[in-house]
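I opened this model to look up a few local features. My notes follow in the order I took them.

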Amino acid sequence: MRYAVIFCVLSSLFLPRAHAGEGQVLITRVNVFNSLKARMDKDVSVVIEGNRIAGVHDQRPEGPFDRVIDGGGHVLMPGLIDTHVHLAITAGLPESMDVPWDYLSHTMSKRSRDMLLRGFTSVRDLGGPVFGLKRAVDEGLVDGPRIFPSGAFITQTSGHGDFRRSVDGHPEFGGAATNGQRLGFYRLADGVPQVLASTRENLGKGATQIKIMGSGGVGSMFDPVDSIQYTLDELRAIVQAASDWDTYAAAHLHNAPAIRRAVEAGVMSVDHGFMMDEEGARMMAEKGVFLSTQFAILEIVFEMGFLTEWQLQKARMVVEASHDMVGYIKKFGIKTTFSSDSFGPESLSASLQTREFEARSKFFTPVEILQHATANAAELLELSGNRNPYPGKLGVIEAGAMADLIIVRGNPLEDISLLGDPAANLLLIMKDGKVYQDKLVE
Ligand code: ZN
Ligand code: ZN
């Protein structure tokens with residue numbers, strides 16, 4: 001008995017602060033966006049117990065409650081999910097990597113808080129040293145979304161994640177590791193043994209999925225955008241090592257041959273996918289591969305200010321070739337998620353995320369965009385299987401789901417751009433049952 005008491009005291013000491021939630025909370029008078037059924041449930045009440053949603057009710061349930069929040073007839077919806085961010089890349093590339101680790105920890109902390117206050121309660125971080133940040137958020141030391149970390153980019157030599165400067169030697173050929181490599185932003189891995197070691201190294205550090213650089217890209221130093229990166233054998237080895245830990249691989253992919261090769265190898269998340277062709281799109285649909293793509297970046301890339309003329313030339317090629325992508329998404333019904341690639345200096349990182357809603361609205365209805373950012377994104381996160389650090393449903397408002405939700409001023413089903421101005425329109429932000437912002441009483 002005494003031991004049981006001691007155990008309870010000890011375990012409560014080690015419980016992350018955020019998990020304490022607000023106790024038993026009743027939110028009344030809200031219209032709830034049902035992300036699975038794509039409809040609005042009018043004038044209901046939502047009960048939260050600890051960090052879970054206990055129920056959604058037509059009639060106001062009887063208390064007692066620790067707290068009652070009057071939703072004022074506003075829209076309550078699942079917290080937003082962004083399936084492609086880089087919390088650790090807080091400046092241009094490769095400048096963001098030329099910083100001391102303790103400075104980086106402060107810029108990342110601020111970045112994670114900013115994202116939570118934009119209504120993002122979960123993010124998939126697709127490259128960068130964020131394992132410590134995730135831990136600090138989970139322990140309640142830093143405010144931020146749930147983080148699904150990948151760790152270091154796995155890149156081939158001279159691939160899209162090779163952020164050495166042109167004068168830096170290769171570590172295998174007598175060069176020294178760069179600060180970016182030492183901090184864990186990227187790892188050069190060539191050949192099956194090195195990609196296996198690299199994948200397993202990230203898994204051991206707590207990666208919830210593996211991020212591969214599978215084709216050329218815009219922001220990198222050496223690689224042409226049409227280059228295919230990693231051989232089929234290397235890709236298959238990474239996919240196997242990930243699936244042996246019950247998770248999956250996501251790949252940065254622009255050009256069509258690289259997309260086809262990665263999907264053939266078993267990659268389950270095509271990130272970007274701008275230059276896909278019909279065959280690649282069909283393969284993705286058949287295998288249930290997710291498309292985690294971005295629209296705002298296709299406009300913003302020309303406003304960044306730090307790209308070289310060669311990088312801008314690559315950007316023009318990608319944007320030019322991106323026009324067929326939406327047609328393929330619709331023709332084959334490819335599962336698509338909300339994804340911003342948010343990175344860089346503060347204003348760039350913010351606008352990539354906030355402008356994504358309106359950029360998407362040129363091609364999708366508000367309901368579709370809300371589903372990209374809730375139910376679809378949550379389905380992708382579930383591919384992390386046993387490596388998912390947050391067991392519990394995300395992206396839905398229903399009994400048993402995690403208590404991650406936002407209340408919006410106005411109706412995003414009529415005007416999706418409301419979500420692009422979070423400071424004005426997000427009245428309540430709750431993650432894991434804890435309220436991080438409450439403007440309802442103003
Ligand atoms: Zn990328
Ligand atoms: Zn990215």
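**Backbone oddities.** The model is predicted. I began with D246, which I located in the loop between α6 (232–244) and β12. Its phi is near 60 degrees, a positive value in a residue other than glycine. I then looked up how accessible D246 is. The relative accessible area is 36%, so D246 is partly exposed.

I went on to R29. This residue has a positive phi of about 50 degrees, although R29 is not a glycine. R29 sits in strand β1 (residues 24–34), whereas D246 is in a loop. The relative accessibility of R29 is 43%, so I noted R29 as partly exposed.

**Cis peptides.** Which residues does a cis peptide bond join? I noted G63 and P64, with omega at about 5 degrees. P64 lies in the loop between β3 (52–57) and β4 (67–70). I also noted a cis peptide bond between L93 and P94. There omega is about 0 degrees. I placed P94 in the loop between β6 and α2 (101–117).

**Zinc site.** I turned to the zinc ion (ligand 2). Which residues coordinate this ion? I found H84 and H86, each through NE2, and D341 through OD. The distances run from 2.0 to 2.3 Å. Along the sequence the donors follow the pattern H-x1-H-x254-D. I then checked where two of them sit. H84 is in strand β6 (residues 80–85), and D341 is in the loop between β15 (336–338) and α12 (346–360), so this pair ties together parts that are 257 residues apart in sequence. Are H84 and D341 buried or exposed? I recorded both as buried. I also looked at the other zinc ion. The zinc ion (ligand 1) is 3.6 Å from the zinc ion (ligand 2).

**Cavities.** How many cavities of 30 Å³ or more are there? I got five. The largest has a volume of about 410 Å³. Its lining has 29 residues, and those closest to the centre are H160, V218, G219, I297 and D341. I had already met D341 as a donor to the zinc ion (ligand 2).

I next asked which elements give two or more residues to this lining. They are β11 (210–213), β12 (249–255), β13 (269–275), α9 (296–300) and α10 (309–321). The largest share comes from α10, with four residues. I sorted the lining of the largest cavity by class as well. It has 17 nonpolar residues, 10 polar and two charged.

**S215.** My last stop was S215, in the loop between β11 and α6. Its relative accessible area is 0%, so S215 is buried; the cut-off for buried is under 20%. A polar atom of the S215 side chain lies 2.8 Å from the backbone nitrogen of H254. I then listed the contacts of S215, leaving aside neighbours within four places in sequence. They are H160, D223, S227, Q229, H252, L253, H254, N255 and A258. H160 had already come up among the residues closest to the centre of the largest cavity.

How values were computed. Residues numbered from 1 in each chain as written. Chains lettered and ligands numbered in written order. Predicted model: local features only at pLDDT ≥ 70, side-chain atom pairs only at ≥ 80, totals over all residues. Heavy atoms only, no water. Donors = N, O, S within 2.8 Å, 3.2 Å for Na, K, Ca; no water. Buried < 20%, exposed > 50% of the residue type's maximum accessible area, 1.4 Å probe, protein only. 1 Å grid on protein atoms, 1.4 Å probe; cavity = no way out; pocket = protein on both sides within 12 Å on 5 of 7 lines; lining within 4 Å. Points joined across faces, edges and corners; volume = space filled by probe spheres on them. Nonpolar A, V, L, I, M, F, W, Y, C, P; charged D, E, K, R; others polar. Polar contact = N/O pair within 3.5 Å; in protein donor to acceptor, adjacent residues only side chain to side chain. Contact = heavy atoms within 4.5 Å.
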